[in-house]
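Let's take a walk through this fold together, starting with how the helices pack and then moving on to a few individual residues. Have the viewer open as you read.

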Amino acid sequence: MSRAQRLLDLIQLLRGYRRPVSGAVLAEALGISLRTLYRDIETLNGQGAHIDGEPGVGYVLRPGFMLPPLMFSEEEIEAIVLGSRWVADRTDAALSGAARSALAKISAVLPADLKDGLDTSGLLIGPGQAIAAGDAELPVIRSAIRTGQKLRIGYQDGSGGRSKRIIWPFALGFFDRVRIVVAWCELREGFRHFRTDRIGKVQILGKRYPRRRQALLKEWRASEGIPER
């Protein structure tokens, strides 16, 4: 087993424990000596893993985002770059900025050889057709989805008819030219799809909808014949 793989295995092992686990248990699980384990923990902490503990007491991986360079192969880095470039080019300003910021953070922790691959990736996002309007509403909609909040929206359908709706948004689909909010509509008492460029005023009501987002998503997938991913 390579050292890089061993370090990754140690991280995965620590993630399985919520309470401190002894070095002896970790070393036995990995098939290494205690001395090697202590060196590996020191290395991971140097890479930002935040492992708390000491010999004789035990070790625990503190919760939080941790991104050591050893976690990515060259193809995984290319996938991250390509996906981030798509988000930067095809989403609203806030999400686009977040994608660029995420790439900068990834670049900052990669070793020199892999960083060169990130900066010089030949995988590009080609120009696309203009995306329908609706950017201003997207941050509010995404916030409502994350927190499970009801939204009040003004909506204009494809025939020009206008209505006011209270919806339970649980997904947001990004297509080449439009963005679609997937939601339970209280007015229609069923699942509906709303184009963001046809949504007028949008307001978070400060009320959680009564069902779990994951349950709504699963039921919607079943109703649309979309397989679980």
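Which residues in H1 meet which residues in H2? From H1 come Asp9, Leu10, Leu13 and Leu14, and they meet Leu26, Ala29 and Leu30 in H2. Sorted by class, this contact of H1 with H2 has six nonpolar residues, no polar ones and one charged residue. Before going further, keep in mind that what you're looking at is a predicted model.

Now pull back a little to see how the two helices are arranged. H1 covers residues 3-15 and H2 covers residues 23-30, and their axes come within 11 Å, crossing at roughly 130 degrees. Angles over 145 degrees count as roughly antiparallel and those from 65 to 115 as roughly perpendicular, with oblique taking up the rest, so H1 and H2 are oblique to each other. As for handedness, H1 passes H2 in a right-handed crossing.

The loop between H1 and H2 is home to Ser22. Ser22 is partly exposed, at a relative accessible area of 32%. If you want a feel for the span of the model, pick Ser22 and Lys207: 185 residues separate them in sequence, and their C-alpha atoms are 45 Å apart in space.

H1 also packs against H3, so to speak, from another angle: here the axes are 10 Å apart and the angle is about 80 degrees. That makes H1 and H3 roughly perpendicular to each other. On the H1 side, the contact is made by Arg3, Arg6, Leu7, Leu10 and Ile11; on the H3 side, by Thr36, Leu37, Arg39, Asp40, Ile41, Thr43 and Leu44. By class, this contact of H1 with H3 has six nonpolar, two polar and four charged residues. Notice Leu10, which is listed among the H1 residues that meet H2 and also among those that make the contact with H3.

Follow the chain past H3 (34-46) and you get to the loop that leads to strand S1 (51-54), where His50 is found. What is there to see in the backbone of His50? His50 has a positive phi of about 60 degrees, although it is not a glycine. His50 is partly exposed, with a relative accessible area of 41%.

Glu189 gives you another positive phi in a residue other than glycine, with a value near 55 degrees. Look for Glu189 in the loop between strand S5 (179-185) and strand S6 (190-195). Is Glu189 buried or exposed? At 63% relative accessibility, Glu189 counts as exposed.

Last stop: strand S3, which runs over residues 149-156 and contains Arg152. Lys150 is found in S3 too. With a relative accessible area of 37%, Arg152 is partly exposed, whereas Lys150, at 16%, counts as buried. Since the cut-off for buried is under 20%, Lys150 falls in that class.

What does the side chain of Lys150 pair up with? It makes a polar contact with the side chain of Glu186, at 2.8 Å. Leaving out residues up to four places away in sequence, Lys150 touches quite a list, including Ile166, Trp168, Glu186, Tyr209 and Pro210. Under the corresponding sequence cut, Arg152 is in contact with Arg165, Ile166, Lys201, Val202, Gln203 and Leu205. Arg152 also lies 6.5 Å from Ile167, C-alpha to C-alpha, with their positions 15 residues apart in sequence.

Notes
Residues are numbered from 1 along each chain as its sequence is written. This is a predicted model: local features need pLDDT of at least 70, side-chain atom pairs count only at pLDDT 80 or more; totals for chains, interfaces and linings use all residues. Side-chain values use heavy atoms; hydrogens and water are left out. Axes are lines fitted to C-alpha atoms, for helices over the stretch in contact, and angles run from 0 to 180 degrees between N-to-C directions. Helices (H or I, at least four residues) and strands (E, at least two) are DSSP runs, numbered from the N terminus. Angles under 35 degrees count as roughly parallel, over 145 as roughly antiparallel, 65 to 115 as roughly perpendicular and the rest as oblique. A crossing is left-handed if the near helix is turned anticlockwise from the far one by less than a right angle, and right-handed if clockwise. Contact means heavy atoms within 4.5 Å. Ala, Val, Leu, Ile, Met, Phe, Trp, Tyr, Cys and Pro count as nonpolar, Asp, Glu, Lys and Arg as charged, and the others, Gly among them, as polar. Buried means under 20% relative accessible area, exposed over 50%, partly exposed in between (1.4 Å probe, protein chains only). A polar contact is a pair of N or O atoms within 3.5 Å; within protein, one must be able to donate a hydrogen and the other to accept it, and residues adjacent in sequence count only if both atoms are side-chain atoms.
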